[in-house]
Structures are given as structure tokens and as C-alpha cells.
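Reader: I have a new chain to study, and I would like to go through it with questions. Can we start once it is on the screen?

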Amino acid sequence: MSESYVIVGDGVAGSSAAETLREENPEADITVITDEGEPLYNRILIKEFAKGTMPEDPVFIHDEEWYEERDIDLRLNTLVTNVRADDHEVVTHEDEVIPYDGLLVATGGTPIQAPAPNSDANGIDHFWTFQDARDIRENAEEADNAVIVGAGLLGIDLAAIVGKHDVENAHYIMRGNRWWRYALSIEGAEIMHQAMRDLGVNLVFESGIDEFRVDDDGYIKETVDANGEVYPTDWASVAIGLNFNIELLQNTDVTLDWGIHVDETMRTEEEDIYAAGDVTQFHDQVIGDTAQNGSWGSAQEQGKLAAKSMLEDQGGDVTAEPFRWVSSYSITHFDFPFISFGHATRGTDHAERKYGEQEWRRLAFDDGQLVGGVLIGDMSLQSQFNKIILSEAQVADQKDVLLQQDFDLDELDADIEE
Ligand SMILES: Cc1cc2nc3c(=O)[nH]c(=O)nc-3n(C[C@H](O)[C@H](O)[C@H](O)COP(=O)(O)OP(=O)(O)OC[C@H]3O[C@@H](n4cnc5c(N)ncnc54)[C@H](O)[C@@H]3O)c2cc1C
């Protein structure tokens, strides 16, 4: 077989797809296109780099040689602007036309700017790429007055970075009354709040950004919050979510929402076009609904699976098994662990308990099934909860068992595969 595969995006989803394609098909033409200027690096570790606790080298995963050795054509600094599905071609920003037999879109997302005047001013950073991390590290090192915006998983990284660099006067502005309010109650969030306060970060709740004020050179000098408070600012960092990079598919019949719709094997509705990673709105068989994950492990697995679907559709001797995966996301900035697993922000029914100053658990249920949760302080039961999620068992009526500090799957009245 000598099919040609084109992968847009060299994040973990795109890169692991390329690796799987090459392993399964030594003859295929494989092209990986990325608008970034460097090959795959560990996006999870860029926060450690920005904190100043890690040098650059360990952050890189592949160098250009890795692609050469596998005869994978890596195109850096190249943006794919359009897909011509009928002709099986992609078009780059330089109008280069690249044909494909199978196309994988693994383009992730781009940080959203705060909907406020001057949100693109100098001295305001967003956090997604290694280059962002370099800028953030440099700016955090020099800042005396910092503002952080966005009460989510990347916002807390920014708080940790600010704390590590001992920024004198740091304010973390959040919209609701707590950090990550979609997954945590006040009781759980308060553990995280205290940890951030211990780093010297001032938390501002029930707020938002009204305006960034700039000096004559267009550099940020003040932040005005939604309550009219004015914070002197020589550096601001914003993490309020992502716009998913779907524009390239706009002229195709692929169903686009805020992400790219795929089935449980990463196939879109358009023949020979697949998607993987953060950008997908995939059919999650486990919860029986459309879902989107934003985690490294999930993106990696989806990349491998998409490659298998591509190979299968080109007649390869490979079977693409449906995606059944419990994603997880941990925070390691504090002296206690934190992990969210599954769909922690979903659920119509919840159960939670505090076990100690820094130990707390919350579980989310939908239609009687466990769908996700958050563990603070003790992660030892995570694999048990993963098994319960994957079993799709009705367990919402056994909350007392699930909230026992140490519980064993045997104690649960359900059929769970060990
Ligand atoms: C600071 C930070 C910390 C994180 N910490 C964790 C963590 O602790 N645990 C965890 O599980 N996850 C974490 N994540 C999330 C995790 O990194 C992502 O879920 C994962 O990297 C997504 O991989 P992806 O391949 O789907 O997308 P991405 O890694 O976003 O890769 C997409 C690539 O496609 C490129 N691209 C986009 N459009 C085009 C185009 N049109 N043409 C060419 N190239 C294009 C982009 O530039 C990018 O390089 C973190 C993310 C960040 C930013």
C-alpha cells in the first residue's frame, strides 16, 4: 500500500497518529503540517518551564530528526487554510496544494481573548504554546503587579507561576464565587483557594474584566474589573477558554459546532476526513452522548485511534475499536495532589465529602451512572472510579459506599470488571 496521509497539527494527537500510521504502514506517504515553529513538545510541562522549575530541554518530545528517521514529512510554520474535500486536497497559507487519501485534523484550540477593551495590548499573555510559556516566564520574572484572569485549569497554573516568581502584588480575577465552579463546590474550592493564597495570590471573586488600560506605547498599565476596582498592572495573563481551530473545514460537509463532530472511531461524516484530540466533539459511548475532552492522554488515544480508522478505510489489516476512555487532568503545584477525572463538569446529581483539611472528594452522576469527579488530597481510588465509569453501572443510589474514605469495588452492588 502507498496511500498518502496528511495530518494537520503536530500536537500529541497529530503526532501519535503519525507514529501509528508509520508503525502500521511502512510504505505510506505521511505529511504532518503545523503552524508552530517547533515539533511536538510536552504541552503539560510548559507550565513547569514557565514556573522556572524546569529548563527547555525536557519539555521537547521529538526533534526534527525523529520525523526524518520515520520518513515523515514535517512542515513547520505552515498553516492549513482550506480543505477541498471533493478533490482530496488541503491548501496552505502559501497556496501550496497537498493531496491526501486520508486527512486527519488535529488542530486543537487557540486561547480566547478577554471580551474587554485593549485585551490584545502589549503585556497581556495567553497560555497555550511553548512560546507563550517563554513569554510568561520572562514577564512573570519582571512583574511587580500582575493580574490573572480565568477561573479554570490553566488559570490556576498562572497563579502557581506568579507565586513561584514571587510577584509582589498579584490579583486573580474570577467571575463566580469560587475557582472552577463547574466542578467544585465552595467546600472543595476553598482548599484550592487557600493553597493559592499561601503562594501570595490575592483572589477576587464575583468579578470580571471591564477594561485593560494602556500607556502611550500601548503597554498595559491598569486593569479595571467588573466592580470598578482598578488594579495597577504591568503584566496580565488570561486563560478563559479556547476557540477550536475548525475554520479549515468550513467549506466541507463535516459537521462543525464549536468543535468537529466525529463518531466513536474519530470519523467525520465526510469520507476520508478524520479528527482527533481537543478539537473533537466525539460520541462518547460510555455516557451515550456527545462530549469533548481537553486532556493529553485523551488526545493521544484519539490520535492513535484516528490513525487506525484511516488505515482500516484504506483497506489495511487494522481494526479501529470504539473510543472508551476516562480522561484525567492533575494539578501538581501544591503540597497535596488534585485530579479531575471523566466528565467532572457534567452531571445532574452529585455527592461530595471532606475528609481532612486538604482531602475532599466529589462525584458527578448522570442518569444513575458515575460520569466523573474530582479528588483532592488522595488519588488512590482514581482507578476504581475509572472502572466504575467504564462499567456504565447504575451506582448513584450507592453514594454512601462511594464516599467511604477507603472503599473497595467489592462493596459496591454492581457488576464492575476488576
Ligand atoms: C499550560 C497547559 C497545561 C496543561 N496541563 C495539562 C495537564 O496537566 N494534564 C492534561 O491532561 N492536559 C493538560 N493540558 C491540555 C493538553 O495539553 C491538551 O489537551 C493536549 O495537548 C491537546 O492536544 P491536541 O493534539 O489535541 O492539540 P494541540 O496540542 O493544541 O495541538 C494542535 C496543533 O495544531 C496546530 N494547528 C492548529 N490549526 C492549524 C492549522 N490550520 N494548520 C496547521 N497547524 C494548525 C496548533 O498550532 C497546534 O500545534 C495543558 C495545556 C496547557 C496549555
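Reader: How many residue pairs are in polar contact between domain 1 and domain 2?
Author: First, a caution: this is a predicted model. The count takes in pairs with both residues at pLDDT 80 or more. Between domain 1 and domain 2, the number of residue pairs in polar contact is 8.

Reader: Which helix gives the most to the side of domain 1 that touches domain 2?
Author: Look at residues 46-51. They put 5 residues into that side of domain 1. The element is helix 2.

Reader: How do the residues on that side of domain 1 divide into nonpolar, polar and charged?
Author: Take the side of domain 1 that touches domain 2. Its charged residues number 7, and its polar residues 3. The nonpolar ones number 8.

Reader: How many salt bridges are there between domain 1 and domain 2, and how far apart are the closest N and O atoms of D157 and K47?
Author: The count between the two domains is 3 salt bridges. D157 forms a salt bridge with K47. A salt bridge needs the nitrogen within 4 Å of the carboxyl oxygen. For D157 and K47, the closest N and O atoms are apart by 3.7 Å.

Reader: What area is buried between domain 1 and domain 2?
Author: Contact involves 18 residues of domain 1 and 14 residues of domain 2. Carbon and sulfur atoms give 66% of the buried area. The total is about 1,500 Å².

Reader: Which residues of domain 1 lose the most area to domain 2?
Author: Three residues together make up 34% of what the domain 1 side buries. They are F49, A50 and K51.

Reader: Where do the domains lie along the chain, and what distance separates the centres of domain 1 and domain 2?
Author: Domain 1 comes in two stretches, 4-110 and 242-313. Domain 2 covers 113-238, and domain 3 covers 335-411. Over C-alpha atoms, the centres of domain 1 and domain 2 are separated by 30 Å.

Reader: Why does the radius of gyration of the chain agree with a compact globule?
Author: The chain has 418 residues, so a compact globule of that length would have a radius of gyration near 22 Å. The C-alpha atoms fill a box of roughly 65 × 60 × 35 Å along the principal axes. The radius agrees with the globule because the chain has 22 Å.

Reader: Which loop holds D367, and what is its phi?
Author: D367 is in the loop between strand 25 (359-366) and strand 26 (369-376). D367 is not a glycine, yet its phi is positive. The value is about 50°.

How values were computed:
Residues numbered from 1 in each chain as written. Predicted model: local features only at pLDDT ≥ 70, side-chain atom pairs only at ≥ 80, totals over all residues. Heavy atoms only, no water. Domains from an automatic or database assignment. Contact = heavy atoms within 4.5 Å. Buried area = accessible area lost by both parts, 1.4 Å probe. Salt bridge = Lys/Arg side-chain N within 4 Å of Asp/Glu carboxyl O. Polar contact = N/O pair within 3.5 Å; in protein donor to acceptor, adjacent residues only side chain to side chain. Helix = DSSP H or I, 4+ residues; strand = E, 2+ residues; numbered from the N terminus. Nonpolar A, V, L, I, M, F, W, Y, C, P; charged D, E, K, R; others polar. Rg over C-alpha atoms; globule rule 2.2 N^0.38 Å.
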